[in-house]
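Biologist: Hi! Could you put the model up and talk me through it?

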2 protein chains.
Amino acid sequence: MQSLTINEAAATTGWSPRMLRYVEQTGLVAPNRSPAGYRLYGAAELQRLRTLKELLGQFDVSLSDVAFAQRLAGDRDLRESVQAWLSAQARRPENVHSEEWLRFEQEKHERLLAAAAAA
Amino acid sequence: MQSLTINEAAATTGWSPRMLRYVEQTGLVAPNRSPAGYRLYGAAELQRLRTLKELLGQFDVSLSDVAFAQRLAGDRDLRESVQAWLSAQARRPENVHSEEWLRFEQEKHERLLAAAAAA
DNA sequence: GAAACCTTGACACATCCGTGGTAAGGTTGG
DNA sequence: CCAACCTTACCACGGATGTGTCAAGGTTTC
């Protein structure tokens with residue numbers, strides 16, 4: 001598996017080199033480096049960059065939104081505080097019926113367990 | 001349970017009236033209105049505003065971050081896409097070990113079921 | 001009916017996000 | 001050793017966030 005330098009990676013992912021550096025700075029896709037400090041994008045990073053671009057295009061989501069989601073995934077305290085705040089609502093906003101939210105947890109839980117079992 | 005008008009609510013929550021309108025605009029705390037259109041903050045909204053302020057102060061989180069979390073909670077498609085993107089990682093970033101992420105799901109699920117049972 | 005509220009809308013400003021450029025300097029390959 | 005890459009560090013700039021203030025006008029209360 002050979003790695004691409006930043007300009008090559010830019011060419012195949014649709015991001016600009018400038019943006020690849022910015023994306024790295026947000027903590028979302030961080031390639032490893034050559035001994036001299038050159039960024040080296042492997043297949044995994046390239047795929048991640050392409051799907052990230054797709055994610056941003058498909059929904060109206062910003063890089064900082066995804067970065068925040070990543071932070072949520074990694075910081076239990078933060079995650080639980082936010083979730084506690086959100087669930088202390090469960091009333092008026094009719095687009096969030098608690099049943100659906102619950103159903104979400106169940107499904108994702110099952111999906112992740114299945115994935116873990118398959119691995 | 002009597003309701004407070006915006007200036008009274010501002011006084012007891014520490015938000016400015018201007019910010020209360022802004023927070024409403026983000027969709028995070030929306031009071032109902034009097035027949036003439038005056039905002040009426042009930043006990044639930046006041047509590048929500050106070051804990052929101054606490055949440056923002058405790059962690060380094062913006063209103064739009066919390067708004068995005070709320071959007072995640074209500075939009076299954078978005079949620080699953082983001083989560084799929086995040087879990088397609090599970091490697092280098094040592095602050096996100098997949099087990100912890102899994103444990104999160106389990107715990108929250110249980111917590112919510114308990115809350116539902118208690119209600 | 002006047003004082004003291006409330007409403008929306010706008011102007012203003014600092015700060016960040018997303019994005020491009022450009023400059024000064026190190027690395028690599030023929 | 002030179003061309004073509006790479007690096008970091010800046011300047012710039014439009015749009016979004018967060019926050020204050022002010023104006024023009026409706027509502028409530030005495």
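Modeller: Sure, first a term: Ala, Val, Leu, Ile, Met, Phe, Trp, Tyr, Cys and Pro count as nonpolar, Asp, Glu, Lys and Arg as charged, and the others, Gly among them, as polar. This is a predicted model, where local features need pLDDT of at least 70, side-chain atom pairs count only at pLDDT 80 or more, and totals for chains, interfaces and linings use all residues. Residues are numbered from 1 along each chain as its sequence is written, while chains are lettered from A and ligands numbered from 1 in the order in which they are written.

Biologist: Thanks! By class, what does the surface near DNA strand D have?

Modeller: Seven nonpolar, eight polar and four charged residues. Near means a C-beta atom, placed from the backbone, within 6 Å of the strand.

Biologist: And which residues are the closest to strand D?

Modeller: A:Thr5, A:Asn7, A:Arg39, B:Ser16 and B:Ser62.

Biologist: Which helix gives the most there?

Modeller: H2(B), with four residues. Helices are DSSP runs (H or I, at least four residues), numbered from the N terminus.

Biologist: Switching to strand C, which residues come nearest?

Modeller: A:Ser16, A:Ser62, B:Thr5, B:Asn7 and B:Arg39, out of 19 around that strand. H2(A) gives the most to that surface.

Biologist: New topic: which residues touch the most other members in the largest nonpolar core?

Modeller: A:Ala69, A:Leu72, B:Ala69 and B:Leu72, among 32 residues.

Biologist: What does B:Ala69 touch?

Modeller: Not counting residues up to four places away in sequence, B:Ala69 touches A:Leu72, A:Val82 and A:Leu86. Contact means C-beta atoms, placed from the backbone, within 7 Å. A core joins buried Ala, Val, Leu, Ile, Met, Phe, Trp, Tyr and Cys residues through C-beta atoms within 7 Å, buried being 20 or more other C-beta atoms within 10 Å of a residue's own.

Key. Helix = DSSP H or I, 4+ residues; strand = E, 2+ residues; numbered from the N terminus. Buried ≥ 20, exposed ≤ 12 C-beta atoms within 10 Å, placed from the backbone. Contact = placed C-beta atoms within 7 Å.
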